[in-house]
Amino acid sequence: MDKNNRSIALIDVNNFYVSCERVFNPKLEGRPVVVLSNNDGCAVARSNEVKALGVRMGQPWFQLKDLAKKHGIIAYSSNYALYADMSNRVMEILAMFSPDQEIYSIDECFLDLTGFKTKNLAPYGQHIRQTIKQWTGLPVCVGIGSTKTLAKLANHMAKKNPEWNGVCDFNSLSFQQQADWFQRTGVGEIWSIGKRLAPRLQEIGIKTVLDLKTASPSQMRARFSVVMEKTIREINGTACIELEEINPSRKQIISSRSFGIPVSDLASLEESVTLYISRAAEKLRRQQSCAGSVHVSIRTSRFNENKPYYANSMTIALPRQTDNTILLTKAALWGLRKIYRRGHKYQKAGVVLFELMVPTQYRQLDLFGAIPVTDTKSSKLMSVMDQINSRMGRGTLKIASEGFKQPWKMKQGNKSPNYTTNWNELICVTK
């Protein structure tokens, strides 16, 4: 297949978190809505109405309360279970439109449409949009180009320009039409450029997409990096970034949260670390890997001027690689007890699983342990635990040291129900 004659589509759900909330609460349509980060701290999703008020991504909620009161901004706590389930539904639908799919993020997906009979794929893009809207209630935009970078840029055009009606197909435009659009678009809108590199490019006279398109790839590589060279070639239609149909396994898994209230006692810290290890171990088993070491960390608030700042961490090497939640928890709690200091009010704890490059079936064996028996029992136990939690709800089976009341858990003062993942929170239709 000629790499210069391809059709790559990027499908992106508009304002994903906000759109998920609106699916189940239509009264939110047309109203300013934000979704907040952990502990209801910052705006991580904004409706178009909120963006029009000048609210920035990541802006702290406490700074917005006066504005929210004035304009009636509605704030929701993050509902990760709902968003993940809606994402899975969207990705399953999109898989029906092409055999070649790359799930890029929770709300973005690449499809390879190369070889489809029609040259003008805009109607096909409209069909994708209408299907997603009808089956899930979520609005999406579709960008189509000969490379992933151009598909990303086309998707941006589809969002920002109503005349495209949600679908922009660069491949259907003439060379001059593309150049006109590139001239109107700032260089910061290009994938991999963004706000970080845009000022540096502007200093040397590259202000628009067209300016970067006409720059010398080799000279820009020498001045910046190989990524810059690939970006320029992709803008010119030469594919340098292939679709990844199988997501690569993670090299490390991180699980951490800030507490809803400060924590000073060791028991509460042990509960939180156990919970974070359990979450990380679930992800570890899903990608069929084992961890060779566990890293645990705790810290107090940097902004409390009345209390001394304390932070510490420790990495514990495991005797052999494992995906067993119980063994990983034992190692993490051992490290936690080593770094814990009385008299501090801790704001955050976290764990990291390292050395994940060994697939489960190729793990290094223990010279002294009864490996075949213990591994079989461990795998069966973890498999049963995962299946029950998947079927009956996360936390149905858990490690006892995770606790039950967990007053330290992050604040979610205005979280919507788990409409699609909890039988007790399904929407009820009454007469």
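The following conversation concerns helix packing and aromatic contacts in a predicted model.

Trainee: Where should we start? Which residues of H1 are buried?

Mentor: In H1, the buried residues are Phe16, Tyr17, Val18, Ser19, Cys20, Glu21 and Arg22. Seven of the nine residues of H1 are buried, so the helix is largely enclosed by the rest of the structure.

Trainee: What do the buried residues of H1 pack against?

Mentor: They pack against strands S1 (8-13), S2 (33-36), S3 (43-46) and S4 (74-77), and also against helices H2 (48-52) and H4.

Trainee: At what angle do H1 and H4 pack?

Mentor: Helix H1, residues 16-24, and helix H4, residues 80-94, pack at an angle of about 90 degrees, and their axes are 10 Å apart. An angle from 65 to 115 degrees counts as roughly perpendicular, and therefore H1 is roughly perpendicular to H4.

Trainee: Which residues meet there?

Mentor: From H1, Phe16, Tyr17, Cys20, Glu21, Val23 and Phe24 meet Tyr80, Leu82, Tyr83, Met86 and Ser87 of H4. The residues of this contact divide into nine nonpolar, one polar and one charged.

Trainee: Let us look at Tyr83. Is it buried or exposed?

Mentor: Tyr83 belongs to helix H4. Its relative accessibility is 0%, so Tyr83 counts as buried.

Trainee: What is Tyr83 in contact with, beyond its neighbours within four places in sequence?

Mentor: Its contacts are Phe16, Tyr17, Cys20, Glu21, Val35, Ser77, Ser78 and Ile106. Ring pairs also link Tyr83 with Phe16 and Tyr17 into a cluster. In addition, Tyr83 and Thr420 are 9.6 Å apart in space, C-alpha to C-alpha, although 337 residues separate them in sequence.

Trainee: A change of topic: how many aromatic pairs are there?

Mentor: The count comes to twelve aromatic pairs. One of them joins Tyr104 and Trp191 in an edge-to-face arrangement, with 5.5 Å centre to centre and 85 degrees between the planes.

Trainee: Where in the chain do Tyr104 and Trp191 lie?

Mentor: Tyr104 is in strand S5 (residues 101-105), while Trp191 is in the loop between helix H7 (175-184) and helix H8 (194-203). This pair links distant parts of the chain, as the two residues are 87 residues apart.

Trainee: And why do Tyr104 and Trp191 fall into their accessibility classes?

Mentor: Buried means under 20% relative accessible area. Trp191 has 19% relative accessibility and so counts as buried, whereas Tyr104, at 34%, counts as partly exposed.

Trainee: Finally, which charged ends sit over rings?

Mentor: The charged end of Lys148 sits over the ring of Phe110, 4.7 Å from its centre. Likewise, the charged end of Arg184 sits over the ring of Trp181, 4.3 Å from its centre.

How values were computed: Residues numbered from 1 in each chain as written. Predicted model: local features only at pLDDT ≥ 70, side-chain atom pairs only at ≥ 80, totals over all residues. Heavy atoms only, no water. Axes fitted to C-alpha atoms, helices over the stretch in contact; angles between N-to-C directions. Helix = DSSP H or I, 4+ residues; strand = E, 2+ residues; numbered from the N terminus. Parallel < 35°, antiparallel > 145°, perpendicular 65-115°, else oblique. Contact = heavy atoms within 4.5 Å. Nonpolar A, V, L, I, M, F, W, Y, C, P; charged D, E, K, R; others polar. Phe/Tyr/Trp six-rings, centres within 6.5 Å; stacked < 30°, edge-to-face > 60°. Buried < 20%, exposed > 50% of the residue type's maximum accessible area, 1.4 Å probe, protein only. Lys NZ or Arg CZ within 6 Å of the ring centre and 35° of its normal.
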